[in-house]
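Good morning, and thank you for making time for this presentation. Please look at the sequence and the structure on the screen before I begin.

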Amino acid sequence: ICIDGKAMLIKCPHCGTRPVEEFTFNGDASIRRPTSNDPKSMDQWFDYVYLRDNPNGRFDEYAHHSSGCRAWLVVTRDTQTHEIFNVVTARDYAKKRVAS
């Protein structure tokens, strides 16, 4: 995948800079999973599983380095320009969310 004639590259914390083709993307990393399995929370589960925004601009998304170290990462990128601002492990992203 090329953006303005440049290959889209992602800096994996474990493997270094790698082409985007090595990664599988799995959607919005900012959505919080419901904590209850109570039947009263089914509306929350429906929203979590089926409803997604189509953001325009900066977006945190899960990326699996499926053709590399197989780590789960969170990539922050602009959905219009595909500019990548940050890449962290999914574990570090989750720790940061718990702390905030």
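**Salt bridges and a buried histidine**

Two salt bridges are present in the structure. I should state at once that this is a predicted model.

Let me take the salt bridges in turn. One of them joins Arg77 to Glu61, with 2.3 Å between the closest N and O atoms. This pair connects distant parts of the chain: Arg77 belongs to strand S7, residues 72–78, while Glu61 belongs to strand S6, and the two are 16 residues apart. Are these partners buried or exposed? Arg77 has a relative accessibility of 12% and therefore counts as buried, because the cut-off for buried is under 20%. Glu61 is also buried, at a relative accessible area of 5%.

The other salt bridge is formed by Glu22 and Arg18, whose closest N and O atoms lie 2.6 Å apart. Here Glu22 is buried, with a relative accessible area of 12%, whereas Arg18 is partly exposed, with a value of 30%.

I now turn to the histidine. Where is His64 placed? His64 lies in strand S6, which covers residues 58–64, and Glu61 of the Arg77 salt bridge is in strand S6 as well. His64 is buried, its relative accessible area being 11%.

Which residues does His64 contact, if neighbours within four places in sequence are left aside? The contacts are Glu22, Phe23 and Thr24, together with Arg70, Ala71 and Trp72. Among them, Glu22 is the residue that forms the salt bridge with Arg18, and Trp72 falls within the residue range of strand S7, 72–78.

Thank you for your attention.

Note on methods: Residues are numbered from 1 along each chain as its sequence is written. This is a predicted model: local features need pLDDT of at least 70, side-chain atom pairs count only at pLDDT 80 or more; totals for chains, interfaces and linings use all residues. Side-chain values use heavy atoms; hydrogens and water are left out. Helices (H or I, at least four residues) and strands (E, at least two) are DSSP runs, numbered from the N terminus. Buried means under 20% relative accessible area, exposed over 50%, partly exposed in between (1.4 Å probe, protein chains only). Contact means heavy atoms within 4.5 Å. A salt bridge is a side-chain nitrogen of Lys or Arg within 4 Å of a carboxyl oxygen of Asp or Glu.
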